[in-house]
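Q: I'd like a close look at one part of this model: the salt bridges. Walk me through who pairs with whom, where the partners sit and how covered they are, then point out a few spots elsewhere along the chain.

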Amino acid sequence: MRLPSLDIDSWCLYSAEAAHDTLPDSFSIPSFEERNGLTRGNAARLLFDIMVTDEQGERRSFQEIMWTIIAERVDGTYIGILDDQPGCLEPRSNNYLIFGAEIPFLPEHIIEIAYPPGDYSDWQLNLNPERCWPR
């Protein structure tokens with residue numbers, strides 16, 4: 001399964017591992033074991049790079065940190081459901097990144113982990129995804 005690409009998808013994910021390696025004293029991440037051991041219903045916080053066309057027609061890059069709820073894992077790749085709405089995008093039909101979209105990512109992308117209440121995770125995961133990532 002391919003990961004998102006700025007060139008193809010107009011968004012991608014930053015590596016939390018690379019960011020931590022660059023700024024180890026000011027940027028911490030969970031251990032590899034924690035990031036690699038998530039299960040359905042756990043939450044992972046990811047750093048997104050999103051390309052947006054502004055009102056003048058110029059392409060600009062925005063960084064946003066958003067939560068996903070883990071839905072499944074396919075061949076080492078997590079599939080999360082976006083549990084945020086990007087502030088730099090209108091929730092229009094032509095934007096992939098909207099609340100409820102599937103997000104593929106690896107353990108290296110995870111900057112924070114949370115364990116939401118089961119009833120909330122169940123609610124989110126029992127909805128049909130708003131956008132489905134190609135498999």
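A: Here is a tour that starts with the salt bridges and then moves along the chain.

Quick housekeeping: this is a predicted model, where local features need pLDDT of at least 70, side-chain atom pairs count only at pLDDT 80 or more, and totals for chains, interfaces and linings use all residues. Residues are numbered from 1 along each chain as its sequence is written, and side-chain values use heavy atoms, with hydrogens and water left out.

Search the whole structure and you get five salt bridges (a side-chain nitrogen of Lys or Arg within 4 Å of a carboxyl oxygen of Asp or Glu). Let's go to the spot where E72, E102 and R135 are tied together in a network of such bridges.

Take the E72 arm of the network: E72 and R135 make a salt bridge in which the closest N and O atoms are 2.9 Å apart. The pair joins distant parts of the chain, with E72 in strand β3 (residues 59-74), R135 in the segment after α4 (118-126), and their positions 63 residues apart. Helices (H or I, at least four residues) and strands (E, at least two) here are DSSP runs, numbered from the N terminus.

How covered are these two? E72 has a relative accessible area of 35%, so it counts as partly exposed. R135 comes out at 54%, which means it is exposed. For those labels, buried is under 20% relative accessible area, exposed is over 50% and partly exposed is in between, using a 1.4 Å probe and protein chains only.

Now the E102 arm. The side chains of E102 and R135 meet in a salt bridge, 2.9 Å from N to O. Here again distant parts of the chain are linked: E102 belongs to strand β5, while R135 is in the segment after α4, 33 residues apart. E102 has a relative accessible area of 7%, so this carboxylate residue is buried. Picture R135, then, as an exposed residue that pairs with the partly exposed E72 and with the buried E102.

Another bridge to click on is R2 with D9, where the closest N and O atoms are 2.7 Å apart. R2 is partly exposed because its relative accessibility is 35%. D9 has 19%, so D9 is called buried.

Go on from D9 and you run into S10, which sits in the loop between α1 (6-9) and β1 (11-13). S10 isn't a glycine, yet its phi is positive, about 65°. At 24% relative accessibility, S10 is partly exposed.

D75 is worth a look for a similar backbone quirk: phi is positive there, about 50°, although D75 is not a glycine either. You'll find D75 in the loop between β3 and β4. Its relative accessibility is 80%, so D75 counts as exposed.

Back to the segment after α4, where R131 is found as well. Which is R131, buried or exposed? R131 is buried, because its relative accessible area is 17%. If you want a ruler for this region, go from R131 to P104: the two are 27 residues apart along the chain, and their C-alpha atoms are separated by 12 Å.

For another pairing across the sequence, try A19 and I111. They are 92 residues apart in sequence, and 9.3 Å apart in space from C-alpha to C-alpha. A19 is part of helix α2 (residues 16-22), and with 24% relative accessibility A19 is partly exposed.

One more stop is F99, in the loop between β4 (77-82) and β5 (102-105). F99 has a relative accessible area of 30%, so F99 goes down as partly exposed.

To come back to where we began: if you load just one view, make it the E72, E102 and R135 network. Turn it to see R135 in the segment after α4 and E72 in strand β3, then find E102 in strand β5.
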